[in-house]
Amino acid sequence: MTADLRTPAFTVPAERGRLRFFAQAIGEHDPIYSDLDAARKAGHPDLPVPPTFLFCLEMDRPDPFSFLAEAGIDLARVLHGEQRFTYHAMAHAGDELTFESHIADTYEKKGGALRFLVRETRVTRAGEPVADLTNVIVVRGEAAA
Amino acid sequence: MNNLHDIAVGTELPPLRVPSISRTTLALYAGASGDHNPMHIDLDAARAAGMDDVFAHGMLSMAYLGRLLTGWVPQERIRSYSVRFAAITPVHGQPTCTGRVTAIEEADGERRARLDLRVALEDGTVTLTGQALVALT
């Protein structure tokens, strides 16, 4: 597999209903993440997109794991190794966010028993930077050639 | 919300204890997050892959740890947030999120706290370790 494998840019709206569902799923009780009035009183134009939800939004791609299939990797052998976020601006419900991803690096450890993919994603809103994500994926139990 | 002027090296964040993770939690998280990887929600798929059971999404624990941060400072102050997933969180695991200030630094014209973060289960297993940079001024 070649590094720098790019996934086509993908634009998705952050939706209020989805953000409320996410807040419920992670047990978030702070009302600014589910109640529009509370969010506005705290100075937000709409419900804030919480710190890790940018990772989730990219899962809305039609086939979010296709980059693994293209690299010949079985989803059942994949573990999440690391996840990093660098934030440039807050995102809120109603924002249209664009995700551009590529595989920045790939390497092996333990004589090929573990294979690592480093995937970088740039998130922008109308061309302005919102966040940079780095996702390190570990492929286990695969004797890589 | 705490007083940002009182934050110093060694300051501990109030720990966040999360209820035991049920299969319902995993189903809801799969739906809300959009991560439909069957290894987290489908026992048949997990067993076919040689696992004894489904296990929690790593990003669910990272979301809990994110709650620790946003419960401590307004989210717009978080400059960066990263974790390493150290161990799988089994069904019925009960995570506790903790954090501690390890440095106060100046960068890009603001004062920032560097935090060490951790999620551990009740048996002591550390499932996530991480770091965050938070603006204080």
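User: How many salt bridges does the rule find across the interface of chain B and chain A?

Analyst: Just 1 salt bridge. This is a predicted model, where local features need pLDDT of at least 70, side-chain atom pairs count only at pLDDT 80 or more, and totals for chains, interfaces and linings use all residues. Residues are numbered from 1 along each chain as its sequence is written, chains are lettered from A in the order written, and side-chain values use heavy atoms, leaving out hydrogens and water.

User: Why is the pair B:Arg84 and A:Glu82 called a salt bridge?

Analyst: The term asks for a side-chain nitrogen of Lys or Arg within 4 Å of a carboxyl oxygen of Asp or Glu. Here the closest N and O atoms are 3.5 Å apart, so the pair qualifies.

User: What makes B:Arg84 partly exposed and A:Glu82 buried?

Analyst: Buried means under 20% relative accessible area, exposed over 50%, and partly exposed in between (1.4 Å probe, protein chains only). B:Arg84 sits at 47%, so partly exposed it is; A:Glu82 has 15%, so that one is buried.

User: How do you know that strand β2 of chain A and β2(B) pair?

Analyst: Strands here are DSSP runs of E, at least two residues, numbered from the N terminus, and two of them pair if DSSP finds at least two bridges between them. These two have 5 bridges, in the antiparallel sense, so they count as paired. In that pairing, A:Gln83 stands opposite B:Val83.

User: Which residues are in contact, and what area is buried between the chains?

Analyst: Contact means heavy atoms within 4.5 Å, and by that rule 33 residues of chain B touch 33 residues of chain A. The buried area is the accessible area (1.4 Å probe) lost on putting the two parts together, summed over both; that comes to about 2,800 Å², with carbon and sulfur atoms giving 61%. B:Ala32, B:Met59 and B:Gln75 supply 21% of what chain B buries against chain A, more than any other three residues.

User: Why is A:Arg125 with A:Asp95 a salt bridge too?

Analyst: Their closest N and O atoms are 2.7 Å apart, so the salt-bridge cut-off is met. A:Arg125 lies in strand β4 and A:Asp95 in the loop between β2 and β3 of chain A, 30 residues apart. A:Arg125 is partly exposed at 24%, while A:Asp95 is buried at 15%.

User: What makes B:Asp108 exposed and B:Arg112 buried?

Analyst: B:Asp108 has 71% relative accessibility, so exposed fits, and B:Arg112 has 10%, so buried fits. The two form a salt bridge, with closest N and O atoms 3.2 Å apart. Shared partners join B:Arg79, B:Asp108, B:Glu110 and B:Arg112 into one network.

Key
Helix = DSSP H or I, 4+ residues; strand = E, 2+ residues; numbered from the N terminus.
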